[in-house]
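Open the model in your viewer and keep the sequence panel beside it. The stops below tell you what to select next and what is there.

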Amino acid sequence: DDAHSGMTILSGTSSDGGIYFGDSGGNNRGQFKYQHNGDYFSFTVANGSVNARIDTDGLKFNGDTAAANALDDYEEGTFTPTYTVGGGGSVTGVTSTNAGTYTKVGRMCTVSVTSNYVGTSGTVTYYHLALPFTAADTASGMAGGGFGQETGQSGHGVLIKVEDNSSNAIIWKYHGGAMPANSYFSLSFTYQTA
């Protein structure tokens, strides 16, 4: 309510093709602007610096205009974890709880998985878990990773590694050696998506 806040809302057009709404302190205070020349919205809270900008690349912060720095995606979802094994064995199925969730912010994806009794046959050295999104091609060769626990057969800690361009995470026993057959997993990891 302007009468109670002591603020007068201004609107108008600028010489650069923009339409703005701001307070009575002028352009160096709070402002919302649609810029026709460049096709973007910007938000300024104080002192004339742009705090946020929305354009065709996504959301950018603090005056940044680089497409590579735009936040262009946010997604939460669920998936059904699927596994394969390394070492010559195979997965026969997951016979109990098998649930995966993810939160993807820009290119970073955080995954949580609970799978109880991943049935196997043959030799199991390590497991592969299918990712909800393909991993990025990074300069380091490793797109992400995390930790977890095999909760049913051994209770051992496990490491999760996501390699570049991969569609799977690798699950290894923390202290080395082969993973147990018929594992139960509680996992959490973060990786960069393509």
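The tour starts with the whole chain, then follows one strand, its neighbours, a core, a loop and some charged pairs.

**Before you start**

This is a predicted model, in which local features need pLDDT of at least 70, side-chain atom pairs count only at pLDDT 80 or more, and totals for chains, interfaces and linings use all residues. Residues are numbered from 1 along each chain as its sequence is written, and side-chain values use heavy atoms, leaving out hydrogens and water.

**Stop 1: the whole chain**

Show the protein chain as a cartoon. Its secondary structure consists of 1 helix and 16 strands; helices (H or I, at least four residues) and strands (E, at least two) are DSSP runs, numbered from the N terminus. Of the 194 residues in the chain, 34% are buried. Buried means under 20% relative accessible area, exposed means over 50%, and partly exposed lies in between (1.4 Å probe, protein chains only).

Now switch on the surface. The accessible surface of the protein chain is about 10,300 Å², and carbon and sulfur atoms hold 50% of that. Such areas come from the Shrake-Rupley method with a 1.4 Å probe; for residues, only the protein chains shown count as cover. Among contacts (heavy atoms within 4.5 Å) with a separation of 6 or more, 50% are between residues 24 or more positions apart.

**Stop 2: strand 14**

Select residues 157-163, which form strand 14. Which side chains of strand 14 point to the buried face? They are Val158, Ile160 and Val162, while Gly157, Leu159, Lys161 and Glu163 point to the other face and are not buried. In a regular strand, side chains alternate between the two faces of the sheet.

Add residues 142-150, strand 13, which pairs with strand 14 in the antiparallel sense over 7 bridges. Two strands count as paired if DSSP finds at least two bridges between them. Strands 13 and 14 form a hairpin with 6 residues between them, and Gly155 in the turn has a positive phi of about 75°.

Next add residues 168-173, strand 15, which runs antiparallel to strand 14 and is joined to it by 4 bridges. This is also a hairpin, with 4 residues between strand 14 and strand 15; here Asn165 in the turn has a positive phi of about 60°.

**Stop 3: Val158**

Centre the view on Val158, which lies in strand 14. Val158 counts as buried because its relative accessibility is 1%. Gly148 stands opposite Val158, and the bridge partner of Val158 in strand 15 is Lys173.

Leaving aside neighbours within four places in sequence, the contacts of Val158 include Phe147, Ile171, Trp172, Met179 and Leu187. Draw a distance from Val158 to Ile171: their C-alpha atoms are separated by 6.4 Å, and the two are 13 residues apart along the chain.

**Stop 4: the largest nonpolar core**

Select Tyr127, Ile171 and Phe189, the residues with the most contacts inside the largest nonpolar core, which has 24 residues. Strands 8 (83-86), 11 (108-121), 12 (126-130), 14, 15 and 16 (183-192) each supply at least two residues of this core. A nonpolar core is a set of buried Ala, Val, Leu, Ile, Met, Phe, Trp, Tyr and Cys residues joined through side-chain atoms within 4.5 Å.

**Stop 5: Asp164**

Go to Asp164, in the loop between strand 14 and strand 15. What is the nearest side chain of opposite charge to Asp164? It is Arg107, 8.1 Å away; Asp164 is buried yet has no salt bridge. Lys and Arg count as positive and Asp and Glu as negative, with His and the chain ends not counted. Not counting residues up to four places away in sequence, Asp164 touches Ala136, Asp137, Thr138, Gly141, Met142 and Ala143.

**Stop 6: salt bridges**

The structure holds 5 salt bridges, each a side-chain nitrogen of Lys or Arg within 4 Å of a carboxyl oxygen of Asp or Glu.

- Select Lys104 and Asp73: their closest N and O atoms are 2.8 Å apart. Lys104 is in strand 10 (residues 98-105) and Asp73 in the loop between strand 6 (58-61) and strand 7 (74-79), 31 residues apart.
- Select Asp55 and Lys60: the closest N and O atoms of this salt bridge are 2.8 Å apart. Lys60 is buried, at 1% relative accessible area. A network of salt bridges links Arg53, Asp55, Asp57 and Lys60.
- Return to strand 14 for Glu163 and Lys161, a salt bridge with its closest N and O atoms 3.5 Å apart. Glu163 is partly exposed, with a relative accessible area of 32%.
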